[in-house]
Amino acid sequence: MARSTAKATMIILDIGRSTAVFTSERKQTFFQQAKMCISLIIQEMIFSAPQDQVGVVLMGTEETSNQLNDESGDYQHICEALELKPPSWAILRTLEKQIACTTAEANWLDALIVAANYLRAGALGKKILNFRIILISPLYTSGDVDHSQLECVTNALQDMNCTLHVITNHVQHSPTEEGALFTSSGTFDSATGKSDARRQNELHLERVVLATKGSLSELSWAEGRLAFFEPKSTRPSPWNSTLLIGTKVKLSISAFLQITEQKGVGSFKVDNVDGSSSKVQMKTEHLLSDKRIDVSTEDFIAAYVYGSTVVPYESTIDMDYNSGECRLDCLGFTASSNILDEHLCGKGTYVVVAKKGCNASAHRLSALVEAMIEMDVVMIATKVYRRDTKPRLNALIPTYKKKYPCLVMLELIFKDEMCLLKFPPLLTAKHKPTREQYDTVDHLIDCMNLMDGVDDGEGGSREAFAMHKTFNPTQQHVYRSVAHRALYPKDSSLPCMDGELQELFNVPKKVAQRSVPALNEVKRLFELNEIQPKASNEWLQRIAKIQLGHDATSEAGTIDSGIGSEEDDLFGHERRSLDAVGTITPAEDFALLLRRGVKFATLATQMQNVVHELLFSSMRPPGDKVLAALMMYRGEAQKLGPYRYNEWMEEFKNTLLARHKDDFWRNVIVAEKLGLIDTNESDMSTVSVEQAVDFYRSSVQVKPTADELANRDGIDADFLFDEWIN
């Protein structure tokens, strides 16, 4: 059976003397730009349409090599360089190395006739659906066109169903003209200084292009359009099934994939520089702590990865569940307002229509869509893609596509897949913006509007980064990197990102310029005050590491606390022998014992005793270990119950002030806000915000007299030492 292809392309490339003229602002000749243009055309075919066929005819060569010249002795300086074949990197490397500019000239009409004959001969025995010829020439050489001959060539191209596309200079395009190459046509400009031969060539080519429904393109404009690669086009294949509503209503439906994630470069055949084929072999290596290990297949365990957590899976627990035939089974209807964005999942959107040729199903679907729209409801249905596969929950939303009734099918999550996250409010009474600030931000948003972000060159504007006209810069860079590596296999470096791709990451110039005054106004109204880092920040980081179960190896050494000298390896083979919170590393001990399951009430009592001992009994300064211990204790109390902490903190305050620890009270408790836990910090607290604020207002303590101290059973040594000094 003949190989079926969609399109056959024959490229006519002019390499004669007239192509040596400079035509662009980049100081490139017409030949250099044309050579790049033909390379990009074949690259696009490799990526987007590898099943197509391509051939090349060179005009302006020193030698002559074509079938028509062999038969009639005419058609000089034209060479059939590449017969019709699938595009490949080998073809591009050959064209890159062997094509060079010459001093000869050729007739463009003769080249067109040779290319049409070469295209027809190469298509014999192949099922070709469409033909096209691409002529790339500056058209400076006189064509010596005979009108009857031109008419015959035009009719022959029409009989072949072949279109002619001309890429040359002196072609103007509309600024609003967008889309892929060959989808729109420009017109020859009316620039002065053109030769008579050039003007005659333009008139003749316009007739042929118009008759074959081809296009005219400026060389630089075409090169810019070819710089972006289109994804590989695929024919939409329907998912034919049955929609069941209850026990009596059945509809034959077809679901087409409408929206899905754009795929990048797919798999392709390996192509070596020497032309030989090689087989790619996959090799899997197993690493443990960045060291290679040998693992037998018997030691493998099937598992799923949920985030960063590996969940082992045992196939023996599989339920023997048979879902039946493929179908859409209606579970019921619900109001449209009940389907929220966070309920949607899946990798694409499907459009459900009546199956082709089923008129009864089409009438039923039309009535169903009209009734659902009138009642403002959506359908909830289970989808079984294939026989006995796991059913998925889907929402079917009624709508009209080009006046045809249909259902948009979106996958829904199950209840156990829903995760509700609570975030603190952005607006508070303390930081509520003023009306002037609101208006300034609104003005900034208006200035950053992308709907008119680009000037079209005709006094108007158009949308910047339009959804269906903007390419994925990451995938485009991958395309270009693959092409560079294929064309230059010995070059180990990869190309940098081009300017065209950089513009997709940058703010449009028009938007950036008009947003400057609004940004300055925002800076004026929203003052930013620098927050000095507190000494407790490094302790917060260390505590967070402990709670996450990481090894809290300190990069910044402690002051004098000695914390970090003894760490617990939670996931290693050695386990610390720890029974109670100690005075060496109280914060780490508290967190570790809490993770091991020790009751919070027990640890709270131990932490209170340790803090008291470090402050009032230790002969060494407490350093930052007391601060870390209090922060750890208070943080866990907010989550597990603040009552015990608040009760102890009131007693702790009185003890601090009675023993003249005013500096510790001000610099630690008050400065770090380690006082009572109010209702804003914990829902379990009974302390109001006003009470928590009043707690930090310490009262002046009266020093006890010596007689009062003598009558007490317990005499504090620190206080007597202070009295003796005073």
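The exercises below work through strands, helices and loop residues of a predicted model.

Residues are numbered from 1 along each chain as its sequence is written, and side-chain values use heavy atoms, with hydrogens and water left out. Because the model is predicted, local features need pLDDT of at least 70 and side-chain atom pairs count only at pLDDT 80 or more, while totals for chains, interfaces and linings use all residues.

**Exercise 1. The barrel**

State which strands close into a barrel, and trace the pairing of β15 and β17.

Step 1. Helices (H or I, at least four residues) and strands (E, at least two) are DSSP runs, numbered from the N terminus. Two strands pair if DSSP finds at least two bridges between them.

Step 2. The barrel has seven strands, in the order β9-β10-β16-β19-β18-β17-β15, and its pairing is mixed. On average, neighbouring strands of this sheet are turned by 40° against each other, direction ignored.

Step 3. Strand β9 (residues 239-245) and strand β15 (residues 327-335) run parallel and are joined by two bridges. Leu243 has Leu328 of β15 as its bridge partner.

Step 4. β15 also pairs with strand β17 (residues 377-384), here in the antiparallel sense and over eight bridges. Arg327 is bridged to Val384 of β17.

Step 5. β17 continues to β18 through five bridges, again antiparallel. Thr382 has Leu393 of β18 as its bridge partner.

Step 6. As background, strands of a sheet pair through backbone hydrogen bonds, either parallel or antiparallel.

**Exercise 2. Length and burial of three helices**

Compare the end-to-end reach of α4 with the expected value, do the same for α15 and α16, and list buried residues.

Step 1. The expected span of a helix is 1.5 Å times one less than its number of residues. Buried means under 20% relative accessible area, exposed over 50%, and partly exposed in between (1.4 Å probe, protein chains only).

Step 2. Helix α4 (residues 108-122) has 15 residues and reaches 21 Å from its first C-alpha to its last, close to the expected 21 Å. Of these 15 residues, 12 are buried, among them Trp108, Asp110, Asn117 and Tyr118.

Step 3. At the start of α4, Asn107 places a side-chain oxygen within 2.9 Å of the backbone nitrogen of Leu109. A polar contact is a pair of N or O atoms within 3.5 Å; within protein, one must be able to donate a hydrogen and the other to accept it, and residues adjacent in sequence count only if both atoms are side-chain atoms.

Step 4. Helix α15 (residues 600-616) has 17 residues, which should span 24 Å, and its end C-alpha atoms are 24 Å apart, in agreement. Its buried residues include Phe600, Gln606, Gln608 and Phe616.

Step 5. Helix α16 (residues 625-640) has 16 residues with an expected span of 22 Å, and its end C-alpha atoms are 22 Å apart. In α16, 12 of the 16 residues are buried, including Lys625, Arg634 and Glu636. Just after α16, Gly641 takes a positive phi of about 140°.

**Exercise 3. Two helix pairs**

Classify the packing of α1 with α10 and of α15 with α17.

Step 1. Axes are lines fitted to C-alpha atoms, for helices over the stretch in contact, and angles run from 0 to 180 degrees between N-to-C directions. Angles under 35 degrees count as roughly parallel, over 145 as roughly antiparallel, 65 to 115 as roughly perpendicular and the rest as oblique. A crossing is left-handed if the near helix is turned anticlockwise from the far one by less than a right angle, and right-handed if clockwise.

Step 2. The axes of helix α1 (residues 30-48) and helix α10 (residues 473-487) come within 12 Å and cross at roughly 110°. The two helices are therefore roughly perpendicular, and the crossing of α1 and α10 is right-handed.

Step 3. α15 packs against helix α17 (residues 643-658) at about 15°, with axes 11 Å apart. This makes α15 roughly parallel to α17, and the crossing is right-handed.

**Exercise 4. Loop residues**

Locate His77, Asp388 and Lys356, and give the exposure of each.

Step 1. His77 lies in the loop between α2 (67-72) and β3 (78-85). Its phi is positive, near 60°, although the residue is not glycine. With a relative accessible area of 27%, His77 is partly exposed.

Step 2. Asp388 sits in the loop between β17 and β18 (392-401). Asp388 is not a glycine either, and has a positive phi of about 65°. Its relative accessible area is 34%, so Asp388 is partly exposed.

Step 3. Lys356 belongs to the loop between β16 (344-354) and α8 (359-375). A relative accessible area of 83% makes Lys356 exposed. Lys356 and Ile253 are 103 residues apart in sequence and 8.3 Å apart in space, C-alpha to C-alpha.
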